[in-house]
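Please look through the structure shown here, strand by strand and then core by core. The paragraphs that follow are meant to be read beside it.

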Amino acid sequence: AVCPPIRSIEKLVVPDNAHIQNRSNPTAARYIYFGDVVSLSCDPGFATANSSCETLWEAYVTEDGVLVRGEETCVAFTCPPYTYDPNTAAVAPNTSVPYLGTVAVSCLPNHRVSSLFEASLRQPAAYTARCDSPRACDYSSSPTCKPLECVCPPVDAATLTVAVGVKYGEDSLASCRPGYRVGPGPHTCDANTPKAFTATCVNDGCA
């Protein structure tokens with residue numbers, strides 16, 4: 001005789017705001033069998049009620065036909081306050097945000113939105129972060145505010161070299177050319193004083 005598979009004593013009922021993964025009719029109640037593991041997931045914008053920002057759980061059947069459901073409740077989630085650097089940006093609102101809600105991020109003066117190490121005036125000064133990441137309770141990826149790149153003012157190229165493209169808030173190291181040293185005036189070189197000094201770079205939006 002062929003032994004029938006062990007079926008769950010009761011049907012697996014899919015909770016509200018959830019579905020069974022990779023199954024047809026993913027919200028219908030059904031019996032499951034010993035050896036099967038059924039993966040359930042909260043719908044977008046929901047997370048399991050008894051854990052922190054999780055969206056997945058499993059159900060299975062024991063040898064006695066007992067259905068082990070695991071987590072059974074999905075609740076609407078919110079994203080925590082947006083993480084940002086207060087030295088480069090300001091955020092409103094600076095509170096938790098519901099699913100699909102947004103926060104407005106404004107770059108501080110002398111900063112712009114950029115995915116690079118530094119920014120330029122051509123780039124925007126604000127962006128919006130949205131609470132819609134596939135991973136529950138998080139924001140989708142977004143750029144950040146970076147310091148502007150400044151350009152040093154004109155110098156006497158015959159005696160002095162100055163690095164260009166320094167970030168806002170930093171200084172450029174100026175060097176006298178071979179045979180010269182730092183002179184008494186700003187950005188000048190002669191033969192009497194140390195060779196290197198600091199030159200502050202200023203241009204456009206850089207203060």
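Strand 10 (residues 102-107) and strand 12 run antiparallel and are joined by 5 bridges, where strands, like helices, are DSSP runs numbered from the N terminus (H or I over at least four residues for helices, E over at least two for strands), and two strands count as paired if DSSP finds at least two bridges between them. Within this pairing, Val105 stands opposite Tyr127 in strand 12. All of this is read from a predicted model, in which local features need pLDDT of at least 70 and side-chain atom pairs count only at pLDDT 80 or more, whereas totals for chains, interfaces and linings use all residues. Residues are numbered from 1 along each chain as its sequence is written, and side-chain values use heavy atoms, with hydrogens and water left out.

On its other pairing, strand 10 meets strand 8 in the antiparallel sense over 4 bridges, and Ala92 has Ala104 of strand 10 as its bridge partner. Together these strands make an open sheet of 3 strands in the order 8-10-12, with antiparallel pairing. Strand 8 (89-92) and strand 12 (126-130) stand at the edges with a single partner strand each, so one side of each is left without a neighbour in the sheet. Neighbouring strands of this sheet are turned by 25 degrees against each other on average, direction ignored; the axes behind such an angle are lines fitted to C-alpha atoms (for helices over the stretch in contact), and angles between N-to-C directions run from 0 to 180 degrees.

In a regular strand the side chains alternate between the two faces of the sheet. Strand 8 shows this alternation, since Ala89 and Val91 point to one face and are buried, while Ala90 and Ala92 point to the other and are not; here buried means under 20% relative accessible area, exposed means over 50%, and partly exposed lies in between (1.4 Å probe, protein chains only).

Which elements give two or more residues to the largest nonpolar core? A nonpolar core is a set of buried Ala, Val, Leu, Ile, Met, Phe, Trp, Tyr and Cys residues joined through side-chain atoms within 4.5 Å. The largest has 17 residues, and those with the most contacts inside it are Tyr82, Val103, Val105 and Tyr139. The contributing elements are strand 8, strand 10 and strand 12, with the largest share, 3 residues, coming from strand 10. Leaving aside neighbours within four places in sequence, Val105 is in contact (heavy atoms within 4.5 Å) with Tyr82, Ala89, Ala90, Val91, Ala125, Ala126, Tyr127 and Cys145. A second, separate core of 13 residues includes Ile20, Cys42, Leu67 and Cys74.

The structure also holds 2 aromatic pairs; rings of Phe, Tyr and Trp (its six-membered ring) pair if their centres lie within 6.5 Å, and planes under 30 degrees apart count as stacked, over 60 as edge-to-face and the rest as tilted. The ring centres of Phe77 and Tyr99 are 5.4 Å apart with planes at 65 degrees, so this pair is edge-to-face. It links distant parts of the chain, 22 residues apart, with Phe77 in the loop between strand 6 (74-76) and strand 7 (78-79) and Tyr99 in the loop between strand 9 (97-98) and strand 10. Phe77 is buried at 7% relative accessibility, whereas Tyr99, at 29%, is partly exposed. Tyr82 and Tyr139 form an edge-to-face pair as well, with 5.1 Å centre to centre and 90 degrees between the planes. Tyr82 is buried with a relative accessible area of 8%, and Tyr139 counts as buried at 9%.

Elsewhere, an open sheet of 4 strands has the order 1-2-4-5, with antiparallel pairing. Strand 4 and strand 5 are joined by 2 bridges, and Val61 stands opposite Leu67 in strand 5. Asn50, in the loop between strand 3 (46-48) and strand 4 (56-61), is exposed at 69% relative accessibility.

As for confidence, the protein averages a pLDDT of 82, with 85% of the residues scoring at least 70, pLDDT being the predictor's confidence in each residue, from 0 to 100. Confidence is highest in strand 8, at a mean of 95, and lowest in strand 20 (residues 196-199), at 72.
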